[in-house]
Amino acid sequence: MTSPVTDAQAAPTRAGVRVRLDGLRRRYGAVTALDGVDLTIEPGELVALLGPSGCGKTTTLRLLAGLEDADEGRITVGGRDITRLPASKRDMGMVFQAYSLFPHMTVRENVAFGLRLRRAPRAGRDRRALEMLELVGLTQQADRYAHQISGGQQQRVALARALAIQPTVLLLDEPLSALDAKVRAQLRDQIRRIQLEVGITTLFVTHDQEEALAIADRVGVMKEGRIEQLGPPTEVYSRPATPFVAEFVGLTNRLAGEVRGGQVTVRGMTLPLVDQAVPDGPAIALVRPEAVTLASGVAGAGGALAGSVIGVTFLGATSRVSVDLGDTTVLAQLPTSEVGSLPPGGHVTLAIRPDPVLVAQDSQAVPEA
Amino acid sequence: MASVAPLAAIAAQSGTAPDTRRGMRGAKRYRLNAFRYLIFCVFGLFFLVPLLAMARFSVEGTRPGQFSLSAWTQIPSYPGLLSAIEITLELALLTCAVILLLVVPTLIWIQLRVRWISRAVEFLCLLPLTIPAIVLVVGLAPIYNYIRHYNLSALQLFWVYGILALPYSSRALAAGLGAVDLKTLSEAARSLGASWLTVIWRIVVPNMWQALLNAMLLTTALVLGEFTVAVTLLYTNLQTALYYISRDTNNAGVLFSTSTGALVFAFMLLMILSYVGRRRRRRRG
């Protein structure tokens, strides 16, 4: 897509700084958007905030950017308290969800705008703008206006513009959500590559779990103004801290079971629990589709684990199979090469890999993203 | 599955299909253009014929068939006329400045910070349309009587003209602001280090040039043609001066030359404003 970036180009921004958010609260009338958010982003780290609409992820980013004021709490960047500092003095680069290039300026002028405000000499800012455009692979478009380039290119220019001022922190507010799937994946990888090369501390906000898991060093899953879990993508996915995280990140089967002695029995199968302290009694086990395996025909175990295939969704290398167990439907994610023998209507027997699972009460539902 | 031939291949097979379609489209465009020119000519005549009649009357000599420019050359000799023109132009400039300085930041502030009052402000801006000028004058008379003690010139009318121009200019400006994503652009500029003043001057204003010119055009047109308020508050502007000339002179030629001059002047001014706007648009592609 773009030419590799040289070291000289990759070092234009300062080394990353530590960002700390302590007890951030923000209310809009009766609605509490942020309810005491604590977050530390290490120097050069990329943290993605993930969550459904209205969970407070964008509010967190806007408070950090200075575009809104916190009701309570403290924001420090590189040890400096910037809680009451206006946005124009925070020295942060931001890429927005909506296309934000200034329509009356060329691509080059857009990228140089921040430097112009800092009274950088014309030659210097032109050179820097071209360097930044080279970084995002858009030097050919330098003299075009925003309406003359594509949406993906506009977001890349916005990224170049944000990086041109050598910001202390890079803020990305769902920058890919307006793009089509292919451009989105390309730009996502490009953002990550540039972020690693530049070494800038970055906060990335998204409602797309795949995006967050693919790009971030750590993912923070938010719900109702609080961070439910913060950790590396693999941990958030494979060891979710709460039922909400388990259900929001990735697909989850909800299977009725019985907890007894730190284990849960689901349809005759016993599975270990993530949280051993769950009290005995009926519960809903949250099982990932990839933990479910299928075998053609009804095996000896049969009974509660026997069902029929409702449908197969082709996802590329893997396929998702819906199985009707009579009283519930279970999803299984299998390599596509294995689903050829599972025609719709065919009888199958389920098995569940004995990975530790979370359990939830019926009321712990996940809102739509 | 049956294969679907590409459109180009079908066109190549059918030979004349694209040409026919192009021909039909061309004929339609031709008819549309002809209609446009017809409308333009009809309206052009509608406005131009009275103007030409006035111009002809203003150069009519004392005898039929004779032409003279004496009515035009006498214009400067009428006491107060040139100063009325001057004051009207100054009033137009001042009113435009007041409108731009007051309304633009206010509308930006409303759109960015207090959107919930936008309806109320829109209602307030439209109020002058519903209040007859004479009623407005009755309300403003005590204030202007007070001002008069300080011997201030007719330039004081800019306050009331600002109010009268508010419904038109605010609509034009609101339309211009509505056409850009003001929130995102201003936040992007602020995150890059721009102060609010810089945001307005370097980001918002360049993106609403057309709306600003439209607002100035409407305000200028209103000020150039305003008569009721000025005459009732006993100030002299271009329109009142023309009225006094028509009342005091028995030379109708002068009346028509001044009226034609004023109209042509206003027309030229509006054309210039409109031309500036078009040139900026074209330059940006």
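I take two strands to pair if DSSP finds at least two bridges between them. With that in hand I opened the model, which is a predicted one, and began with strand 15 of chain A.

**Entry 1, the sheet.** I looked up the neighbour of strand 15 of chain A and found that five bridges join it to strand 19 (residues 347–352) of chain A, the two running antiparallel. For one residue I wrote down the partner by name: A295(A) is bridged to T349(A) in strand 19 of chain A. I then followed the sheet across, and noted that five strands of chain A form an open sheet in the order 15-19-16-17-18, with antiparallel pairing. Its edges are strand 15 (292–296) and strand 18 (329–335) of chain A, each of which pairs on one side only. From one strand to the next, I noted an average twist of 45°.

**Entry 2, helix 3 of chain A.** Is this helix mostly covered or mostly open? I found that helix 3 (residues 107–117) of chain A is mostly covered, since eight of its eleven residues count as buried, a residue being buried if 20 or more other C-beta atoms lie within 10 Å of its own. The buried ones I listed are V107(A), R108(A), N110(A), V111(A), A112(A), F113(A), G114(A) and L115(A). When I asked what lies over these buried residues, the cover turned out to include helix 4 (122–135) and helix 5 (151–164) of chain A. Just after helix 3 of chain A, I marked R119(A), which takes a positive phi of about 60°.

**Entry 3, the nonpolar core.** In soluble globular proteins, nonpolar side chains tend to be buried together, and I went to the largest nonpolar core with that in mind. This core holds 160 residues, and those that touch the most other members are A48(A), A160(A), L171(A), L203(A) and A285(A). The element that gives the most to this core is helix 4 (residues 81–112) of chain B, with twelve residues. I followed L203(A) further: leaving aside its neighbours within four places in sequence, L203(A) is in contact with I41(A), V47(A), L49(A), L61(A), L64(A), V169(A) and L171(A).

**Entry 4, the contact between the chains.** How many residues does each chain bring to the contact? I recorded 19 residues from chain A and 17 residues from chain B. On the side of chain B that touches chain A, helix 8 (182–191) and helix 9 (196–207) of chain B each supply at least two residues, and helix 8 of chain B gives the most, with six residues. By type, I noted that the residues on this side of chain B divide into six nonpolar, seven polar and four charged.

Conventions. Residues numbered from 1 in each chain as written. Chains lettered and ligands numbered in written order. Predicted model: local features only at pLDDT ≥ 70, side-chain atom pairs only at ≥ 80, totals over all residues. Contact = placed C-beta atoms within 7 Å. Nonpolar A, V, L, I, M, F, W, Y, C, P; charged D, E, K, R; others polar. Buried ≥ 20, exposed ≤ 12 C-beta atoms within 10 Å, placed from the backbone. Core = buried A, V, L, I, M, F, W, Y, C linked by C-beta atoms within 7 Å. Axes fitted to C-alpha atoms, helices over the stretch in contact; angles between N-to-C directions.
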